[in-house]
Structures are given as C-alpha cells and as structure tokens.
Amino acid sequence: MSIAIHKDKCIGCKRCSIVCPGSLIVIDDDKKARIAYPRDCWGCVSCVKECPVSAIDFYLGADMGGRGSTMTVSSEDSYLHWHIQKYDGTTQTITIDRRESNQY
Ligand code: SF4
Ligand code: SF4
C-alpha cells in the first residue's frame, strides 16, 4: 500500500475518491474515506494532492530511500508544499510553483 488515510482528519469531501484513476477509494457510511483496494494503488499521489486537509499520507518507498518516511501535501495559491516526515523524526518541506511545473 502506498497511502494511508487518517480518518480523524478526513472531512468526507470525496475529492480523493473522485480523483483516483483506479477508483480505489470509497466513502464509508461514517462519511470517511477508506482505500478499499490497497494492493492496487500504484502511488500516483493524485489523492494526496487533492485532499484539502492533508489527511492522506503517502509512504515513500525503499527505492527512494524512504525507510518508513511519509509525505503529505498542502496547497496555497499556485504553490504546492510537500511535507516529508522522515524515518528519523525530522521533517522537510519542499515547495513547488505549479506555474513552473512544465518547464523541465
Ligand atoms: S495514490 Fe493514486 S492510485 Fe493510489 S489511491 Fe491515491 S489516487 Fe488512487
Ligand atoms: S480528500 Fe481528504 S478530506 Fe476529502 S474525503 Fe478524501 S481523505 Fe477525506
């Protein structure tokens, strides 16, 4: 599984469920999101970027040296802030201007 949804943060907006290209996320009767098919998640991070309350953690895989590190995303105007919680307890934020995302 590449993601974990924190029900305590989820506000039930359904955005993750709508955006997931594999229709892997469902909204339960308690109005909270749940990944129904975790083994099918291929880690595209669309849901992570879409969540307005940073309720979805993305697990950074061993191929990235993740070792249990996780990442959430918040947005502000055209900026995306990637918040990384590292396995050693430290944090790092990487900010990207979406207006420049296609220049490389
Ligand atoms: S990371 Fe992508 S494939 Fe996985 S649950 Fe989120 S939107 Fe779906
Ligand atoms: S996008 Fe976030 S807040 Fe909205 S339903 Fe999904 S997990 Fe919950």
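1. A nonpolar core, as meant here, is a set of buried Ala, Val, Leu, Ile, Met, Phe, Trp, Tyr and Cys residues joined through side-chain atoms within 4.5 Å. Please keep in mind that this is a predicted model. Its largest nonpolar core has 23 residues, and the members that touch the most others are Ile-3, Ile-5, Ile-25, Cys-47, Val-48, Ile-56 and Phe-58.

2. Which elements each supply at least two residues of this core? They are the strands β1 (3-5), β3 (33-35), β4 (56-59), β5 (70-76) and β6 (79-85), together with the helix α2 (46-50). The largest share comes from β6, with 3 residues.

3. Phe-58 deserves a look of its own. Setting aside neighbours within four places in sequence, Phe-58 is in contact with Ser-2, Ile-3, Gly-43, Val-45, Val-48, Met-64, Ser-69, Thr-70 and Met-71. Among these partners, Ile-3 and Val-48 also appear in the list of core members that touch the most others.

4. On the backbone, you may like to check Lys-14, which has a positive phi of about 75° without being a glycine. Lys-14 sits in the loop between β1 and α1 (15-19). Its relative accessible area is 45%, so Lys-14 counts as partly exposed.

5. Ser-54 also merits a check: phi there is near 55°, a positive value in a residue other than glycine. Ser-54 lies in the loop between α2 and β4. Is Ser-54 buried or exposed? With a relative accessible area of 17%, Ser-54 is buried, because the cut-off for buried is under 20%.

Conventions: Residues numbered from 1 in each chain as written. Chains lettered and ligands numbered in written order. Predicted model: local features only at pLDDT ≥ 70, side-chain atom pairs only at ≥ 80, totals over all residues. Heavy atoms only, no water. Buried < 20%, exposed > 50% of the residue type's maximum accessible area, 1.4 Å probe, protein only. Helix = DSSP H or I, 4+ residues; strand = E, 2+ residues; numbered from the N terminus. Contact = heavy atoms within 4.5 Å.
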